[in-house]
Amino acid sequence: MAGMKLPQRALASLFQAVTPRTAGFSTVETASLSAGGSLLTTLLMLVGAGPGSTGGGMKLTTFAVILLAALASLKKRKTVNIFNRSLEPDLAV
């Protein structure tokens, strides 16, 4: 991306943030990504797309439940709560 102008870099970055979760296309050479860029791309592929999408990886809602369950566990709570709603303990395990 070093040779690209700012608008081109912005579009390439946006495209690279979306495609690992859906189609797997790339606009920049993935082998030339930094370690941080490779890690971020891997995390985006792991988390995947939204629940109404056909993208790969775990769905965003699944990731959110895992994250919220971990936070509730750290706070020693038995239920997972978000936006004045809670998940039953059996669902969040």
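Here are some questions and answers on how residues and features in this predicted model get their labels.

Q: Why is Ala 49 called buried?
A: Buried means under 20% relative accessible area, and Ala 49 comes in at 7%, so the label fits. Ala 49 sits in the loop between α2 and α3. Its C-alpha is 6.0 Å from that of Leu 60, with the two positions 11 residues apart in sequence numbering.

Q: What makes Pro 51 exposed?
A: The cut-off for exposed is over 50%. Pro 51 has a relative accessible area of 57%, so it counts as exposed. Pro 51 also belongs to the loop between α2 and α3. Its C-alpha and that of Thr 61 are 6.7 Å apart, while along the chain the pair is 10 residues apart.

Q: Why does Thr 79 count as partly exposed?
A: Partly exposed is what falls between the buried limit of 20% and the exposed limit of 50%. Thr 79 has 29%, and therefore lands in that middle class. You'll find Thr 79 in the loop between α3 and β1. From Thr 79 to Gly 36 the C-alpha distance is 34 Å, with a sequence separation of 43 residues.

Q: What about Phe 63: how do you know that this residue is partly exposed?
A: Its relative accessible area is 35%, and values between 20% and 50% are called partly exposed. Phe 63 is part of helix α3. Phe 63 and Pro 20 are 43 residues apart in sequence, and their C-alpha atoms are 16 Å apart.

Q: Why can Leu 71 be part of a surface patch?
A: A patch takes residues with over 30% relative accessible area. Leu 71 has 39%, so it clears that bar, although it is still just partly exposed. Leu 71 is in helix α3, which covers residues 60–74.

Q: What makes the patch nonpolar, and which residues form it?
A: The members are Phe 63, Leu 67, Leu 71 and Leu 74. Phe and Leu are among the nonpolar side chains that are joined within 5 Å, so this group earns the name. Together the four have about 390 Å² of accessible area.

Q: What makes the phi of Lys 76 worth flagging, and is the residue buried or exposed?
A: Lys 76 has a positive phi of about 60° although it is not a glycine. It lies in the loop between α3 and β1 (80–82). With a relative accessible area of 76%, set against the cut-off of over 50%, Lys 76 is exposed.

Q: And what makes Asn 84 exposed?
A: Its relative accessibility is 86%, and exposed means over 50%. Asn 84 is in the loop between β1 and β2 (85–87). Asn 84 isn't a glycine, yet its phi is positive, at about 60°.

Q: How do you know which helix gives the most to the lining of the largest pocket?
A: Count the lining residues by helix: α2 gives the most, with 4. Both α1 (6–18) and α2 (35–47) supply at least two. The full lining is Met 1, Ser 13, Gln 16, Ala 17, Pro 20, Val 28, Leu 33, Gly 37, Leu 40, Thr 41 and Leu 44. The volume of this pocket is about 160 Å³.

Q: Why does Gly 37 in that lining count as polar, and how do the classes add up?
A: Gly is placed among the polar residues by the class rule, so Gly 37 goes there. By class, the lining has 7 nonpolar, 4 polar and no charged residues.

How values were computed. Residues numbered from 1 in each chain as written. Predicted model: local features only at pLDDT ≥ 70, side-chain atom pairs only at ≥ 80, totals over all residues. Heavy atoms only, no water. Patch = residues over 30% accessible without salt bridge, like charges linked within 9 Å, V, L, I, M, F, W, Y side chains within 5 Å. Areas by Shrake-Rupley, 256 points an atom, 1.4 Å probe, with all protein chains shown as cover. Salt bridge = Lys/Arg side-chain N within 4 Å of Asp/Glu carboxyl O. Buried < 20%, exposed > 50% of the residue type's maximum accessible area, 1.4 Å probe, protein only. 1 Å grid on protein atoms, 1.4 Å probe; cavity = no way out; pocket = protein on both sides within 12 Å on 5 of 7 lines; lining within 4 Å. Points joined across faces, edges and corners; volume = space filled by probe spheres on them.
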